[in-house]
Amino acid sequence: MNRPHISINFAISADGKISSAEHCPSGWTSRADFERLKTLRESADALMVGRGTLESDRMTMNAPQKPLRCVVSSKGRFDPGHPLFASDGGPIHLLGTDHAPDEIPGTHGHHGSLAAFVETLAQEFNVKRLHCEGGGQLVRELATLDLIDEIHLTWAGHTLFGGVDAPGITGSPGDFLEASRHFELTEFTPLGNTGECFLSYRRKTG
Ligand SMILES: NC(=O)c1ccc[n+]([C@@H]2O[C@H](COP(=O)([O-])OP(=O)(O)OC[C@H]3O[C@@H](n4cnc5c(N)ncnc54)[C@H](OP(=O)(O)O)[C@@H]3O)[C@@H](O)[C@H]2O)c1
C-alpha cells in the first residue's frame, strides 16, 4: 500500500482518558502542550481529525505550511457554518465513508473507506506525512488498520477524569484490537512544574 507516514497526537489524563465522560473540549492541559501541538503540525503535509473532534474543539486546523485539512465522517454531514470553512489554510478534504460528504464550496469531497482515502492522499495529493489529532474513534480505526507509525502523547498526570464511558486514544472502552500494536520510546521529556510529560513512540519494526 502506498500510504503516508501517519502520526497521532493526544493529551491523556493519569487514567489514560482523552476527555471526560461528559465531554471535555481541549484546553485542560498546559500552554506547553499547545505549543507542542503546533510544532508537531509543522512537519505534516496533511492534518486529519474525526468530525466529532472538529466540532467539539471548533478546529480550523492551521499551520504555517498550509497542510491539507482532512475531516472524516461516516454520515458525510458537515455544518457549513463551522469556522473551518471560513478560515484561511490548506485545501479542505472531507471524507464520507458511508455517504458522500455534503458539497461545501471550496472543499474536496471523497466517498469511500478510510484506508482508500489515506492511499489517495499519498498517490494523488503527494501527502508523505499525515498527522492525526483524534479523536479516539478515528484513531481506533487507524490502529485496527495498523496504520499508525508514530504516537505523541502529553501525559497529564495532574488530572483524573474517571468515567466508565470516557474515551482513551482508541475511543470508547470496547473490544480489544484484533492484535496488539507495538511501539518503542523515542522521547521522554518531563515539563518542569506543569505536572506534564511529553512522550513519543515509533512503530516497532522486526
Ligand atoms: N485529549 C486529546 O488530545 C483529544 C484529542 C482529540 C479529541 N479529543 C476529544 O475527543 C472528543 C471527540 O471524540 P469523538 O468520540 O467525537 O471522536 P472523533 O473520532 O473525533 O469523532 C467521531 C465522529 O467522527 C467520524 N468518524 C470517526 N472515525 C470514523 C471512521 N473510522 N469512519 C467514519 N467516520 C468516522 C464520525 O462522524 P459522523 O458522526 O459524522 O459519521 C464519528 O461520529 C472531544 O471531547 C475532544 O475534545 C481529545
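According to its unreviewed UniProt entry, residues 4-192 carry the feature "domain: Bacterial bifunctional deaminase-reductase C-terminal". The model you are looking at is predicted, so please read what follows as a tour of a predicted model. Within the span 4-192, 20% is helix and 26% is strand, and the C-alpha atoms at its two ends are 34 Å apart.

Let us begin with the whole chain. The protein chain has four helices and nine strands. Walking from the N terminus, you meet them in the order β-α-β-α-β-β-β-α-β-α-β-β-β. The radius of gyration is 16 Å, close to the 17 Å that the globule rule gives for 206 residues, so the chain is as compact as a globular protein of that length. Its C-alpha trace spans about 45 × 40 × 35 Å along the principal axes. Of the 206 residues, 45% are buried. Contacts also reach far along the sequence: taking those between residues at least 6 apart, 62% join residues at least 24 apart.

A good example sits in the loop between β3 and β4 (92-96), where you will find Lys75. Although Lys75 and His99 are 24 residues apart along the chain, their C-alpha atoms are separated by 5.3 Å. Leaving aside residues up to four places away in sequence, Lys75 touches Arg51, His99 and Ala100.

Now turn to helix α4, which covers residues 136-144 and has Gly136, Leu138, Val139, Leu142 and Ala143 as buried residues. Why do these residues line one face of the helix? Seen down the axis of α4, they fall within an arc of 155°, so they share one face. The general geometry helps here: an α-helix has 3.6 residues a turn, so residues three or four places apart point the same way. What do the buried residues of α4 pack against? Their partners are the strands β1 (5-13), β2 (46-50), β3 (68-73) and β6 (129-132), together with helix α3 (114-125). After α4 comes Asp146, which has a positive phi, near 55°.

Next, follow the chain to its later strands. Strand β9 (residues 196-203) runs antiparallel to β7 (residues 150-156), and seven bridges join the two. Here Trp155 stands opposite Cys197 of β9. Strand β9 also pairs with β8 (residues 183-190), again in the antiparallel sense and over seven bridges. In this pairing, Phe183 has Arg203 in β9 as its bridge partner. Strands β8 and β9 form a hairpin with five residues between them, and Gly192 in that turn has a positive phi of about 45°. As a general point about such elements, side chains in a regular strand alternate between the two faces of the sheet.

Finally, a look at the cysteines. How many disulfides does the structure hold? The count is zero. Cys132 is in no disulfide, and the nearest cysteine sulfur, that of Cys70, is 9.8 Å away. For a pair to count as a disulfide, the two sulfur atoms must be within 2.5 Å. Is Cys132 buried or exposed? Cys132 has a relative accessible area of 0%, so it is buried. Cys197, the residue opposite Trp155, has a relative accessible area of 10% and is therefore buried as well; the cut-off for a buried residue is under 20%.

Note on methods. Residues numbered from 1 in each chain as written. Predicted model: local features only at pLDDT ≥ 70, side-chain atom pairs only at ≥ 80, totals over all residues. Heavy atoms only, no water. Pairing = 2+ DSSP bridges. UniProt positions renumbered as here; feature names shortened; annotations may be inferred. Buried < 20%, exposed > 50% of the residue type's maximum accessible area, 1.4 Å probe, protein only. Arc of directions from axis to C-beta. Contact = heavy atoms within 4.5 Å. Rg over C-alpha atoms; globule rule 2.2 N^0.38 Å.
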